[in-house]
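Let us walk through this protein step by step, beginning with a pair of neighbouring elements and then widening the view.

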Amino acid sequence: MASTNNHSDSACRLMHHLAYTYLAHHRAEKAVVLLQAIEALGPADGRVLALLAVAQRKAKQPQQALLTLDRIAPDTVDAPLATAVHLIRAQALQALGRSDDAYQAMQKYIAGRQRLPATSYKEAL
């Protein structure tokens, strides 16, 4: 989470954890608001953007989730997160009824998971 000072760093970390908690308790809309606030403080990193995309998908905003995923620069994220992005993309595409595209994204997710050590999708975020 990029920001300009220690107070902003602390605030961003707190908002990120709170957003994750909101998602765990089925409050995706509130998570979206917090994650967008992090972006307002400065450029968001891949983890924030991926979590924002999850929140948007769960808040019934799959098209926005895809746009958010497109903002993640592949060369700036680690392999577990890059793999998780394929799963998030597959879920958003499926929510839009784009089954063929969702299938392709899911295949990329499966291939990525096979190359990773035992780790979970949630650990990537």
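At what angle do helix H2 and helix H3 pack, and how far apart are their axes? Helix H2 (residues 28-41) and helix H3 (residues 46-58) pack at an angle of about 150 degrees, and their axes lie 8 Å apart, where axes are lines fitted to C-alpha atoms, for helices over the stretch in contact, and angles run from 0 to 180 degrees between N-to-C directions. That makes H2 roughly antiparallel to H3, a label used for angles over 145 degrees. Among the residues that meet (contact means heavy atoms within 4.5 Å) are Ala31, Val32 and Leu35 in H2 and Leu49, Leu52 and Ala55 in H3.

This is a predicted model, in which local features need pLDDT of at least 70 and side-chain atom pairs count only at pLDDT 80 or more, while totals for chains, interfaces and linings use all residues. Residues are numbered from 1 along each chain as its sequence is written, and side-chain values use heavy atoms, with hydrogens and water left out.

The protein has seven helices and zero strands, these being DSSP runs (H or I, at least four residues, for helices; E, at least two, for strands) numbered from the N terminus. Of its 125 residues, 39% are buried, that is, under 20% relative accessible area, whereas exposed means over 50% and partly exposed in between (1.4 Å probe, protein chains only).

Helix H6, covering residues 99-115, shows how burial can be arranged. Its buried residues are Ala102, Ala105, Tyr109 and Gly112. Seen down the axis of H6, they fall within an arc of 85 degrees, so they line one face of the helix; the arc is that of the directions from the helix axis to the C-beta atoms. The face of H6 turned away from this buried side carries the exposed residues Asp100, Tyr103, Gln114 and Arg115.

Notes: The expected span of a helix is 1.5 Å times one less than its number of residues. Angles under 35 degrees count as roughly parallel, over 145 as roughly antiparallel, 65 to 115 as roughly perpendicular and the rest as oblique.
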